[in-house]
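Here are two short exercises on how a protein holds its ligands. Have a look at the model, then work through the solutions with us.

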Amino acid sequence: MTLHLDSLRVRRLGECRYDSPFSEMLSTKQTSPHYVAEGDRVLLEDTVSMLAEHSLPSVQAPSFEAAGPRRKIYFDPARVTAGIVTCGGLCPGLNNVIRGLVQELAVHYQVKRILGFRNGLQGLTAENRDTAVELTPERVREIHNVGGTILGSSRGGQDADEMVDTLVMRGIDIMFVIGGDGGMRAATFLSEAIRARGLDIAVIGVPKTIDNDLPFTDQSFGFQSAFARATDFISAVAVEASASPNGVGIVKLMGRHSGFIASYAALAANAADIVLIPEVPFALDGPDGLLAHIENHVRAKGFVVIVVAEGAGQDLFDRHGLPQLNGRGTDASGNLKLGNIGELLKESISAHLTAAGLAPTMRYIDPSYAVRSVAANAYDSVYCLRLAHAAVHAAMAGRTEAAVARWRRRFVHVPFSLMTSRRNQVDPDGDLWMSVLETTCQPAEFGWVPDRERVPTGFC
Ligand SMILES: Nc1ncnc2c1ncn2[C@@H]1O[C@H](COP(=O)(O)OP(=O)(O)OP(=O)(O)O)[C@@H](O)[C@H]1O
Ligand SMILES: O=P(O)(O)OC[C@H]1O[C@](O)(CO)[C@@H](O)[C@@H]1O
Ligand SMILES: [Mg+2]
C-alpha cells in the first residue's frame, strides 16, 4: 500500500487569525527529538529501505502533520461550543479522554460551553438531542478513576443529516468523536454531511478500541489496560491446568478480527502453550492439526494452556458445517456476530483427549467484558490525556475530518480517509507473532489450511 504525501494531508476550515493561548510559549520552539515545531512533519516511514522506495527528497516523502498547540487558531474560543460523543464498545480510558478534552477546552482555551451527547451517536438524533449534558471541569474531576464512559455508548446506525441538524440546533462548532473503526466511519459520514451543507463545524476523532484494530497509530488507547487485565485470567487458568491431571486451560479473549489482546496478554503472562488468533487459520484434525499437537503436549507436559481470540477459527464453523454456537448475523452496527470458538475448542479437545485415553480436566474462562470495563492504567491514563490535548489543539486550529494518533511516538493528525482505510491486524510474518511463537514454542501452522488468506502486510 504505497501512500503519497497528499493522502496524508488534513483538511482545514480556513485561515487561523486568532492568537492562541500558547502563542508566547511556542514562539521560540524548534523541532527536537522530543518536539515537532509547527510546520514540520512526521515521516510515515522509519526505515532507510522503506524511505528509499519513494526515491523522493524527504520534504516530499509521505508524512503526517504533527499534532500540538499552534501560535494562531481558527476559532475564537470565546464563541465556541464543543460537543463530545463516545461510541462502540467500552474501552479503558474513555472517561480519561472526556476529562482531558473538557479540561483543555475550558481551562486553556476558555471555551465556555461543552456538551456531552448521550449513549453514542444515537444521542445526536432528534429524539435524543435534548438529553445532551453540560460538561465542566468540576463535573469531570474524578471520572478518570472509573471504567466505561459517563456519557454512555451504543451501536447502531444514525441518519447523517439528522445528526447535523442536531449540531446546528445545539450550536456546535467542534465535534469530538471518540470511537473505533465504526466510530471513525461515522465521523467521516458526519463530516461529509457537514461539508455538503457548507457548515463551519470541525470534526476530530479520537481513535478508540481495545482490539487495537485501527491503523496509523502505534496502539489505540485502552489496549494496554485491557490486555493487562486479560493477563490475570491466563495466569489463573495456567494455575488450574498445571495442578490437574491432563489439565486443559482455555481463555477466550476479545478481538473480533485482530489478535493483539491474545498475543500481548499471552506474552505478558508468559504461561501460554498455544495462542490462536483470527489472522492465522488452523486445522483441528490431521497429524499436524491442533488436536494432535494438544494430545502430544498433554502426554509430554501433563497439561496445556491455550489462549484464543474470539475471532479465531471462524472458518471452522463455515468449512466443517459445525454448529453455529451462537449464530451469525450482525450487531446493530453491522459487525459480524462470531461463532463461539471457545466452546468449539472446549468440546473438540475434550472429545479428542478422552478418545486418546487422556481423560482431561477442562478449565475454561471467558472473561469477556471484565477485560474492557476496567479503568485505565497509568500508561493509558497519560496517553488518553495527551490524545485529548492533541484533539483540542487540532480542532481549535480549524483542522477537521481527521483523528489524532501517536505514530512512532509522535502525536500526529491522521485523515479519516486513512484511519478508515484498513484494519490493523497481527502480521503473521511480523516480529510480534514471531515473539509469540518463540514464547509458546507452538508450530507456525497447525495442519494444512486451504487457501490461507494472508493478512495484507504493509502499513497497519
Ligand atoms: N460505515 C459506517 N457509516 C456510518 N456510521 C457507522 C459506520 N460503521 C459504524 N458506524 C457507527 O459508528 C458507531 C460505532 O460503531 P461500532 O458499533 O462498530 O463500534 P466502533 O466505533 O467500531 O468501536 P469498537 O470497535 O471499539 O466496538 C455506531 O453508532 C455505528 O452506527
Ligand atoms: O460490545 P459488544 O456489542 O458486546 O461487542 C463486543 C465487541 O466489542 C469489542 O470489545 C470492541 O470492538 C470487541 O473486542 C468485541 O468483540
Ligand atoms: Mg469496531
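**Exercise 1.** How many Å separate an oxygen atom of ligand 2 from an N or O atom in the side chain of Arg256?

**Solution.** Before we start, this is a predicted model, where local features need pLDDT of at least 70, side-chain atom pairs count only at pLDDT 80 or more, and totals for chains, interfaces and linings use all residues. Residues are numbered from 1 along each chain as written, chains are lettered from A and ligands numbered from 1 in written order, and side-chain values use heavy atoms, leaving out hydrogens and water.

- Step 1: the Arg256 pair is 3.2 Å apart, a polar contact (a pair of N or O atoms within 3.5 Å).
- Step 2: oxygen atoms of ligand 2 also pair with side-chain N or O atoms of Tyr369 at 2.4 Å and of Arg155 at 2.8 Å.
- Step 3: the protein buries 80% of the 390 Å² that ligand 2 exposes when taken alone (Shrake-Rupley method, 1.4 Å probe).

**Exercise 2.** Where does ligand 1 lie with respect to domain 1 and domain 2?

**Solution.** Let's go from contacts to domains.

- Step 1: a backbone N or O atom of Gly156 is 2.5 Å from an oxygen atom of ligand 1, and a side-chain one of Ser333 is 2.6 Å from an oxygen atom of ligand 1.
- Step 2: domain 1 (5-220 + 376-419) and domain 2 (223-373 + 429-440) both contribute shell residues, so ligand 1 lies between them; the bounds come from an automatic or database domain assignment.

Technical notes: Polar contact = N/O pair within 3.5 Å; in protein donor to acceptor, adjacent residues only side chain to side chain.
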